[in-house]
Amino acid sequence: MPTSEQFWDAIASNYAARPIKNVDAYEKTMERTRLYLKPDDKVLELGCGSGSTALLLSPHVGHIWASDISSRLIEIGRQKAKDQNVTNVEFIHGDIHAPAIEEHAPFNGIWAFNFIHLLEDIPASLERMHKLLKPGGVLISKTACLSGRHGLLRIPITVMQWFGKAPHVSYISAEKLELLMQAQGFEILESCTFPKASEVRFIVARKL
Ligand SMILES: C[S@@+](CC[C@H](N)C(=O)[O-])C[C@H]1O[C@@H](n2cnc3c(N)ncnc32)[C@H](O)[C@@H]1O
């Protein structure tokens, strides 16, 4: 099986060109996210993909360090920032332990959109996110919570993973994710789905 980096590098061009699947849900996510932003905020985005969200939200904060494990997606993001003349978004290639992330910590906010379910060790990553935030800093996340997919429903993903066509996925419930966040010292400020029946949970958590 390819590593996460190889998987995302291989699909980077197609992924970056893909239109947003659910525009209403995306807009609602951006609307809710903007409520937590301040003009001087220093923000870290994890799993930024090709940087569309960082570039979109860049006028609302001071500076964004947008990071991703895929060097291909980071290249695409840098080019997009250049094309759009955005100067307050810097791209970092690497995972949450990248030295360039450590260098700029602590942050007022961390964004993890469509990201946490892809991690192999969610508790350790949440612990790291907590460390990287200032006290009172906010983790804004959107996570596919796929614990409801039992047995047969997991087969398509498993088969795709065998053929290198799907990344690692953690089948976590929203309730478990919230408990893990609380265990790391976060207070849940909001937790909801758009639309209501979606498996994708928007959770905002503040570092106590
Ligand atoms: C589903 S995409 C989401 C991209 C973007 N946040 C969005 O909402 O469109 C997941 C992203 O996470 C990145 N990724 C996966 N595992 C990662 C890890 N361990 N550390 C950093 N980035 C990772 C992938 O390269 C990919 O760009």
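Reader: In which helix do glutamate 127 and lysine 131 both lie?

Author: In this predicted model, local features need pLDDT of at least 70 and side-chain atom pairs count only at pLDDT 80 or more, while totals for chains, interfaces and linings use all residues. Residues are numbered from 1 along each chain as its sequence is written, and side-chain values use heavy atoms, with hydrogens and water left out. Helices (DSSP runs of H or I, at least four residues) and strands (E, at least two) are numbered from the N terminus. Glutamate 127 and lysine 131 are 4 residues apart, about one turn of the helix, and the helix in which both lie is α6.

Reader: What is the N to O distance at which the side chains of glutamate 127 and lysine 131 meet in a salt bridge?

Author: Exposure is graded by relative accessible area (buried under 20%, exposed over 50%, partly exposed in between, with a 1.4 Å probe and protein chains only), so glutamate 127 at 38% counts as partly exposed, whereas lysine 131 at 56% counts as exposed. A salt bridge requires a side-chain nitrogen of Lys or Arg within 4 Å of a carboxyl oxygen of Asp or Glu. For the side chains of glutamate 127 and lysine 131, the N to O distance is 3.7 Å.

Reader: How many residues apart in sequence are the parts that glutamate 199 and arginine 149 tie together?

Author: Glutamate 199 forms a salt bridge with arginine 149, in which the closest N and O atoms are 2.8 Å apart. Because glutamate 199 lies in the loop between β6 (186-193) and β7 (200-207) and arginine 149 in the loop between β5 (133-144) and α7, the parts that they tie together are apart in sequence by 50 residues.

Reader: Which residues are linked with Arg201 in a network of salt bridges?

Author: The side chains of glutamate 175 and arginine 201 meet in a salt bridge at 3.9 Å, N to O. This pair links distant parts of the chain, with glutamate 175 in helix α8 (residues 174-183) and arginine 201 in strand β7, 26 residues apart. In the network of salt bridges, Arg201 is linked with Glu175 and Glu178.

Reader: At which residue does α1 bend?

Author: The 14 residues of helix α1 (residues 4-17) should span 20 Å at 1.5 Å a residue, and the end C-alpha atoms are 19 Å apart, which agrees; the expected span is 1.5 Å times one less than the number of residues. A bend is the angle between axes fitted to the seven residues ending at a residue and the seven starting there. In α1 the bend is about 60 degrees, at isoleucine 11.
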